[in-house]
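Me: I am new to this structure and should be grateful for a close look at a single part of it, followed by an account of how that part relates to its surroundings.

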Amino acid sequence: MQRQIAHPPLTERGLSQAFAAGNTLRDKDIDRIVSSDAVRATQTARAIAGVLGVPVSADVRFRERGWAAPGRLEDPTERVLSALSDIAVSGDRVAVITHG
């Protein structure tokens, strides 16, 4: 469960930075991109993927921390490690995009 906060889209500057990140990753032989399903993460991932010409998928396990109980944030370590483990066994070279 993500925190209940506004998730504004990327600004023009943020989009420009995402394209720049894609250009930086051009020579890294990225096979695919996995991102959080947060608006800014998916926008960033799509911009980078557009530069690299690779597919993008979203994984909710990369969401930011949510509330485990009133006044207590969850520890996302287990779900993030699970997602990273799944990526590692795929054998693909993957860029992971999150915003938090």
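In which helix does T42 lie? Please begin there and then describe the neighbouring features in a connected way.

Reply: The model is a predicted one. T42 lies in helix α2, which spans residues 39-52. With a relative accessible area of 16%, T42 is buried, because a residue under 20% is counted as such. Leaving aside residues up to four places away in sequence, T42 touches S35, S36 and D37. In contrast to these contacts, R79 is 37 residues from T42 in sequence, and the two C-alpha atoms are 19 Å apart in space.

Helix α2 also bears on another helix. It is included in what covers the buried residues of α1. Helix α1 runs over residues 12-24 and has 13 residues; from its first C-alpha to its last it reaches 18 Å, close to the 18 Å expected at 1.5 Å a residue. Its buried residues are G14, A18 and G22. These three cover an arc of only 90° around the axis, and they therefore lie on the same side of α1. The other side of α1 holds E12, R13 and T24, which are exposed.

One of the residues that T42 touches, D37, leads on to the charged pairs. Five salt bridges are found when the whole structure is searched. In one of them, R63 is paired with D37, and the closest N and O atoms are 2.6 Å apart. D37 belongs to the loop between β1 and α2, whereas R63 belongs to the loop between β2 (56-58) and β3 (67-69), so this salt bridge ties together parts that are 26 residues apart in sequence. Both partners count as partly exposed: R63 has a relative accessibility of 27%, and D37 has one of 28%.

The loop between β2 and β3 also holds R61, and helix α3 holds D86; the pair therefore ties together parts that are 25 residues apart in sequence. D86 and R61 form a salt bridge in which the closest N and O atoms are 2.8 Å apart. D86 is partly exposed at 42% relative accessibility, and R61 is partly exposed at 22%. Salt bridges that share partners join D59, R61 and D86 into one network.

A further salt bridge links D92 with R32, with 2.7 Å between the closest N and O atoms. R32 lies in strand β1 (residues 32-35), and D92 lies in the loop between α3 and β5 (94-97), so the pair ties together parts that are 60 residues apart in sequence. D92 has a relative accessibility of 34% and therefore counts as partly exposed.

Helix α3 also has a part in a nonpolar feature of the surface. L81 lies in this helix, which covers residues 77-90. Its relative accessibility is 52%, so L81 counts as exposed. Together with L84 and V96, L81 forms a nonpolar patch on the surface, and the three residues have about 240 Å² of accessible area together.

To return to the starting point, T42 is buried and lies in helix α2. Its contact with D37 connects this account to the salt bridge between D37 and R63, while helix α2 itself is included in what covers the buried residues of α1.

Technical notes. Residues numbered from 1 in each chain as written. Predicted model: local features only at pLDDT ≥ 70, side-chain atom pairs only at ≥ 80, totals over all residues. Heavy atoms only, no water. Patch = residues over 30% accessible without salt bridge, like charges linked within 9 Å, V, L, I, M, F, W, Y side chains within 5 Å. Areas by Shrake-Rupley, 256 points an atom, 1.4 Å probe, with all protein chains shown as cover. Salt bridge = Lys/Arg side-chain N within 4 Å of Asp/Glu carboxyl O. Helix = DSSP H or I, 4+ residues; strand = E, 2+ residues; numbered from the N terminus. Buried < 20%, exposed > 50% of the residue type's maximum accessible area, 1.4 Å probe, protein only. Expected span 1.5 Å × (residues − 1). Arc of directions from axis to C-beta. Contact = heavy atoms within 4.5 Å.
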